Amino acid sequence: MNVNSIGVIGAGIMGSGIAQALAQSNFDVILIDVDRAILKRAECRIRQGIRGEMLLKRKFAPSGSAEVLRRIEFSEDLQALEKADYVIENVVEKWETKRDLLRRVDDICPATCIFAANTSAIPITQIASATKREPQVIGIHFMNPVPVKPTVELIRGRRTSELTIRTTEDLLSRMGKQWVLVNDSPGFVSNRVLMLAVNEAICLVHEGVAPAEAVDKIFRECFGHTMGPLATADLIGLDTVQLSIEVLSQYFGGDKYTACPLLKEMVADGRLGRKTGRGFYEYEGNDEKHPDI
Ligand code: NAD
């Protein structure tokens, strides 16, 4: 199946990274969010991201940033997706929001259009049930920051067709990404494990066992991880971490996934990590003050 025009819904951390990575791979992108100010912020983030990559990889000519941005149409109107060959959904990690949105998008997009959900934890089979095209729904769990992370987790829903998988693999290849294909489960492989570790690390800080810096240092220097769990939580966004743990808790029940009180307190206080400049660490623009990052 020929994919050229890709709709990206949600222009937050993930949506803007995906739009950037797609445009840099010569796809035409329609980036959708609910208001102009958010889209403007996404445009700035993409411009900065392209500059950062140009410096890092010496990959694009100086005109590169304008050229890449020209491939992205910024829109508040879902109707713009009527020409999309493929749609990647990246809105907030709430089932009701994703369900209502996908029902509308299902009515707008061409019948052949494939939908990928970039969810952290909601099962792909459940997301597909919001549409009338279940075989054409797949999960792509992109890693953050999208333009620089080489590998994604690809999730086959219960009814995902082989054509949808092959078309998605082709799209990922064109983006220069590799993938690991897994079957559907809440949180998939990555977040079913990662969210437990992140939540437990937050509990350690909450109980005063060790400060954030010490917890992260143990993971970096003893285990050789590139980032500790608390710097990772700041990168993901603590609101997204809390929502993901809540999704996992709904599915698995019991005490296994119970958001730490400190996590809830920080989210209520707007300390969401990098996106608000304050989380377990403090950030100034893109210049993080912590060596972990
Ligand atoms: P974010 O809060 O940065 O962005 C979400 C965006 O969705 C916001 O800009 C919001 O305005 C927009 N939105 C909400 N409802 C909308 C609607 N009806 N129509 C259009 N736009 C709408 O969140 P994020 O970190 O980019 O996460 C997005 C999704 O990706 C979530 O499902 C999250 O779990 C998943 N995810 C996040 C990460 C991460 O590291 N942050 C990694 C992988 C997957």
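In which handedness of crossing does α10 pass α11? The legends below, which describe a predicted model, take up this question along with the domains, the nonpolar cores and one loop residue.

**View 1. Packing of helix α10 (residues 238-252) against helix α11 (residues 261-268).** The crossing in which α10 passes α11 is left-handed. The axes of the two helices come within 9 Å and cross at roughly 135°, which makes α10 oblique to α11. On the α10 side the contact involves Leu 238, Asp 239, Val 241, Gln 242 and Ile 245, and these residues meet Leu 263, Lys 264, Met 266 and Val 267 of α11.

**View 2. Packing of helix α7 (residues 190-206) against α10.** Here the helices pack at an angle of about 115°, and their axes are 10 Å apart; α7 passes α10 in a left-handed crossing. From α7, the residues Asn 191, Arg 192, Met 195, Val 198 and Asn 199 make the contact, while α10 contributes Val 241, Ser 244, Ile 245, Leu 248 and Phe 252. Val 241 and Ile 245 of α10 are thus listed in the contact with α7 and also in the contact with α11.

**View 3. The two domains and the contact between them.** The protein is divided into domain 1, covering residues 5-183, and domain 2, covering residues 192-282. Their C-alpha centres lie 25 Å apart, and the contact draws ten residues from domain 1 and nine residues from domain 2.

**View 4. The largest nonpolar core, with 57 residues.** Within this core, the members that touch the most other members are Ile 9, Leu 81, Val 87, Val 105, Leu 263 and Phe 280. Both domain 1 (5-183) and domain 2 (192-282) give residues to this core, so it lies between them. Leaving aside residues up to four places away in sequence, Leu 81 touches Gly 7, Ile 9, Ile 30, Ile 32, Val 87, Val 105, Ile 108, Cys 109 and Pro 110. A second core, separate from this one, has 36 residues, including Ala 23, Ala 42, Val 68 and Phe 74.

**View 5. Surroundings of Lys 132 in the loop between α5 (124-128) and β6 (137-141).** Lys 132 has a relative accessible area of 69% and is therefore exposed. When residues up to four places away in sequence are not counted, Lys 132 touches Asp 106 and Asp 107. Cys 113 is 19 residues apart from Lys 132 in sequence, and the two are 12 Å apart in space, C-alpha to C-alpha.

Technical notes. Residues numbered from 1 in each chain as written. Predicted model: local features only at pLDDT ≥ 70, side-chain atom pairs only at ≥ 80, totals over all residues. Heavy atoms only, no water. Core = buried A, V, L, I, M, F, W, Y, C linked by side-chain atoms within 4.5 Å. Buried < 20%, exposed > 50% of the residue type's maximum accessible area, 1.4 Å probe, protein only. Domains from an automatic or database assignment. Contact = heavy atoms within 4.5 Å. Axes fitted to C-alpha atoms, helices over the stretch in contact; angles between N-to-C directions. Helix = DSSP H or I, 4+ residues; strand = E, 2+ residues; numbered from the N terminus. Parallel < 35°, antiparallel > 145°, perpendicular 65-115°, else oblique. Left-handed = near helix turned anticlockwise from the far one by under 90°.
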